[in-house]
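Open your viewer and keep the selection tool ready. We will go through this model one stop at a time.

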Amino acid sequence: MATCKVCGQKFSIFEIGRSGICDGCLATQEDRDREKLAKTAEAAAAEAEAEGRIARVVVTTAPALPGTNDYKIIAVIGAEAAVGMNVFRDIANSWIDTLGGRSGSVQKMLKEAREIAMRELKREAFLVGADAVVSVDIDYNQVSTSGGSGGSILFVAATGTAVKLAP
(Lines give C-alpha, C1' and ligand atoms only; values in the text may rest on other atoms or scores of the structure.)
Protein backbone atom coordinates (compact mmCIF):
# COMPACT_ATOMS: atom_id res chain seq x y z
CA MET A 1 0.00 0.00 0.00
CA ALA A 2 1.11 3.55 -0.81
CA THR A 3 -0.15 6.86 0.53
CA CYS A 4 -1.10 9.78 -1.77
CA LYS A 5 1.18 12.78 -1.07
CA VAL A 6 -1.75 15.19 -1.48
CA CYS A 7 -4.83 13.66 0.15
CA GLY A 8 -3.16 11.06 2.40
CA GLN A 9 -5.44 8.20 1.32
CA LYS A 10 -4.03 4.67 0.91
CA PHE A 11 -3.90 3.16 -2.58
CA SER A 12 -2.17 0.23 -4.21
CA ILE A 13 1.17 1.03 -5.81
CA PHE A 14 -0.48 0.61 -9.24
CA GLU A 15 -3.07 3.31 -8.50
CA ILE A 16 -0.51 5.88 -7.36
CA GLY A 17 2.34 5.39 -9.79
CA ARG A 18 5.72 7.10 -9.66
CA SER A 19 4.39 10.57 -8.84
CA GLY A 20 3.10 9.48 -5.45
CA ILE A 21 -0.23 11.20 -6.18
CA CYS A 22 -3.56 9.42 -6.72
CA ASP A 23 -5.48 9.90 -9.98
CA GLY A 24 -8.08 12.17 -8.38
CA CYS A 25 -5.49 14.55 -6.91
CA LEU A 26 -3.45 14.43 -10.10
CA ALA A 27 -6.47 15.50 -12.17
CA THR A 28 -7.20 18.31 -9.72
CA GLN A 29 -3.56 19.47 -9.92
CA GLU A 30 -3.72 19.44 -13.74
CA ASP A 31 -6.90 21.56 -13.59
CA ARG A 32 -5.12 24.05 -11.30
CA ASP A 33 -2.14 24.17 -13.66
CA ARG A 34 -4.44 24.89 -16.64
CA GLU A 35 -6.20 27.67 -14.70
CA LYS A 36 -2.84 29.16 -13.72
CA LEU A 37 -1.68 29.15 -17.35
CA ALA A 38 -4.93 30.79 -18.48
CA LYS A 39 -4.57 33.52 -15.84
CA THR A 40 -0.96 34.08 -16.85
CA ALA A 41 -1.97 34.43 -20.50
CA GLU A 42 -4.77 36.87 -19.55
CA ALA A 43 -2.35 38.94 -17.46
CA ALA A 44 0.19 39.03 -20.31
CA ALA A 45 -2.52 40.16 -22.76
CA ALA A 46 -3.71 42.87 -20.36
CA GLU A 47 -0.12 44.06 -19.83
CA ALA A 48 0.49 44.18 -23.59
CA GLU A 49 -2.71 46.21 -24.06
CA ALA A 50 -1.67 48.64 -21.31
CA GLU A 51 1.81 49.01 -22.85
CA GLY A 52 0.17 49.84 -26.20
CA ARG A 53 -2.02 52.48 -24.56
CA ILE A 54 0.98 53.92 -22.73
CA ALA A 55 2.91 54.18 -25.99
CA ARG A 56 0.04 56.18 -27.54
CA VAL A 57 0.21 58.92 -24.87
CA VAL A 58 1.24 62.14 -26.64
CA VAL A 59 4.11 64.07 -25.06
CA THR A 60 4.98 67.61 -26.14
CA THR A 61 6.97 70.57 -24.90
CA ALA A 62 4.30 72.84 -26.41
CA PRO A 63 1.98 74.59 -23.92
CA ALA A 64 -1.05 73.04 -25.65
CA LEU A 65 -1.80 70.16 -27.98
CA PRO A 66 -1.53 71.29 -31.58
CA GLY A 67 -4.91 71.22 -33.32
CA THR A 68 -7.06 70.98 -30.22
CA ASN A 69 -8.01 73.26 -27.37
CA ASP A 70 -10.61 70.98 -25.83
CA TYR A 71 -9.02 69.05 -22.97
CA LYS A 72 -9.12 68.86 -19.19
CA ILE A 73 -6.03 69.32 -17.02
CA ILE A 74 -5.59 66.37 -14.68
CA ALA A 75 -2.34 66.92 -12.77
CA VAL A 76 1.29 67.90 -12.90
CA ILE A 77 3.31 64.71 -13.20
CA GLY A 78 6.99 63.84 -13.22
CA ALA A 79 9.45 61.05 -13.87
CA GLU A 80 13.13 60.59 -13.20
CA ALA A 81 15.96 58.41 -14.46
CA ALA A 82 19.37 58.09 -12.80
CA VAL A 83 22.33 56.40 -14.46
CA GLY A 84 25.54 55.66 -12.59
CA MET A 85 28.89 56.44 -14.16
CA ASN A 86 31.79 54.20 -13.22
CA VAL A 87 35.28 55.39 -12.41
CA PHE A 88 36.66 54.29 -15.80
CA ARG A 89 34.18 56.44 -17.70
CA ASP A 90 34.96 59.34 -15.38
CA ILE A 91 38.68 58.96 -16.11
CA ALA A 92 38.04 58.84 -19.86
CA ASN A 93 35.80 61.91 -19.58
CA SER A 94 38.48 63.84 -17.67
CA TRP A 95 40.88 63.18 -20.57
CA ILE A 96 38.25 64.38 -23.04
CA ASP A 97 37.72 67.51 -20.89
CA THR A 98 41.46 68.18 -20.99
CA LEU A 99 42.04 67.44 -24.68
CA GLY A 100 38.67 68.56 -26.02
CA GLY A 101 36.12 66.57 -28.01
CA ARG A 102 32.86 64.75 -27.48
CA SER A 103 32.21 61.95 -25.04
CA GLY A 104 30.23 59.28 -26.82
CA SER A 105 29.71 57.26 -23.64
CA VAL A 106 28.22 60.23 -21.77
CA GLN A 107 26.01 61.19 -24.72
CA LYS A 108 24.78 57.60 -24.92
CA MET A 109 24.01 57.55 -21.21
CA LEU A 110 22.17 60.88 -21.35
CA LYS A 111 20.07 59.67 -24.28
CA GLU A 112 19.26 56.43 -22.46
CA ALA A 113 18.30 58.31 -19.29
CA ARG A 114 16.10 60.76 -21.27
CA GLU A 115 14.32 57.86 -23.02
CA ILE A 116 13.69 56.14 -19.68
CA ALA A 117 12.34 59.36 -18.16
CA MET A 118 10.02 59.92 -21.14
CA ARG A 119 8.69 56.33 -20.98
CA GLU A 120 8.08 56.77 -17.25
CA LEU A 121 6.35 60.11 -17.86
CA LYS A 122 3.98 58.39 -20.32
CA ARG A 123 3.36 55.63 -17.75
CA GLU A 124 2.56 58.23 -15.06
CA ALA A 125 0.14 59.95 -17.49
CA PHE A 126 -1.56 56.63 -18.21
CA LEU A 127 -1.92 55.90 -14.49
CA VAL A 128 -3.77 59.18 -13.89
CA GLY A 129 -6.01 58.61 -16.94
CA ALA A 130 -4.40 61.17 -19.25
CA ASP A 131 -4.21 61.06 -23.04
CA ALA A 132 -1.30 63.49 -23.30
CA VAL A 133 1.33 65.46 -21.41
CA VAL A 134 1.86 69.12 -22.38
CA SER A 135 4.47 71.70 -21.33
CA VAL A 136 7.06 69.00 -20.77
CA ASP A 137 10.31 70.22 -19.22
CA ILE A 138 13.43 68.03 -19.22
CA ASP A 139 16.27 68.76 -16.80
CA TYR A 140 19.70 67.14 -16.71
CA ASN A 141 22.13 67.09 -13.80
CA GLN A 142 25.08 65.24 -12.31
CA VAL A 143 25.79 64.29 -8.73
CA SER A 144 29.23 63.15 -7.58
CA THR A 145 29.16 60.21 -5.23
CA SER A 146 30.98 60.45 -1.93
CA GLY A 147 33.66 58.21 -0.58
CA GLY A 148 36.46 59.19 -2.92
CA SER A 149 35.54 56.57 -5.51
CA GLY A 150 35.38 59.21 -8.23
CA GLY A 151 32.04 57.95 -9.48
CA SER A 152 29.06 60.08 -10.37
CA ILE A 153 25.41 59.77 -11.26
CA LEU A 154 23.78 61.41 -14.25
CA PHE A 155 20.08 62.03 -13.91
CA VAL A 156 17.23 63.30 -16.01
CA ALA A 157 13.98 64.66 -14.60
CA ALA A 158 10.93 65.19 -16.83
CA THR A 159 7.82 67.03 -15.68
CA GLY A 160 4.66 68.11 -17.46
CA THR A 161 0.92 68.63 -17.25
CA ALA A 162 -1.21 65.52 -17.79
CA VAL A 163 -4.38 66.25 -19.80
CA LYS A 164 -7.46 64.30 -20.87
CA LEU A 165 -8.81 64.99 -24.35
CA ALA A 166 -12.52 65.71 -24.70
CA PRO A 167 -14.44 62.84 -26.33
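Start at the largest nonpolar core, which has 18 residues. Select Ile77, Ala113, Ala117, Leu121, Ala125 and Val133: these have the most contacts inside the core.

Now colour the elements that feed it. Strand S4 (71-85), helix H4 (104-127), strand S5 (132-144) and strand S6 (152-165) each supply at least two residues of this core. Which element gives the largest share? H4 does, with six residues.

Next, zoom in on Ile77. Leaving aside residues up to four places away in sequence, Ile77 touches Leu121, Glu124, Ala125, Val128 and Val133. Ile77 also touches Ala158, Thr159, Gly160 and Ala162.

Apart from the largest core lies another core, of seven residues. Select Phe11, Ile16, Ile21 and Cys22, which are among them.

Zoom out to the whole chain. The chain has four helices and six strands. Trace them from the N terminus: the order is β-β-α-α-β-β-α-α-β-β. Of the 167 residues, 24% count as buried. Look at the contacts with a separation of 6 or more: residues 24 or more positions apart account for 65% of them. Then turn on the surface. The accessible surface comes to about 11,200 Å², and 56% of that belongs to carbon and sulfur atoms.

Last stop: confidence. This is a predicted model, so colour by pLDDT. The chain averages a pLDDT of 82, and 84% of the residues score at least 70. Select helix H3 (residues 87-99): among the elements, H3 has the lowest mean pLDDT, 50. Then select strand S3 (residues 58-59), which has the highest, 93.

Note on methods:
Residues are numbered from 1 along each chain as its sequence is written. This is a predicted model: local features need pLDDT of at least 70, side-chain atom pairs count only at pLDDT 80 or more; totals for chains, interfaces and linings use all residues. Side-chain values use heavy atoms; hydrogens and water are left out. pLDDT is the predictor's confidence in each residue, from 0 to 100. A nonpolar core is a set of buried Ala, Val, Leu, Ile, Met, Phe, Trp, Tyr and Cys residues joined through side-chain atoms within 4.5 Å. Buried means under 20% relative accessible area, exposed over 50%, partly exposed in between (1.4 Å probe, protein chains only). Contact means heavy atoms within 4.5 Å. Accessible areas come from the Shrake-Rupley method with a 1.4 Å probe; for residues, only the protein chains shown count as cover.
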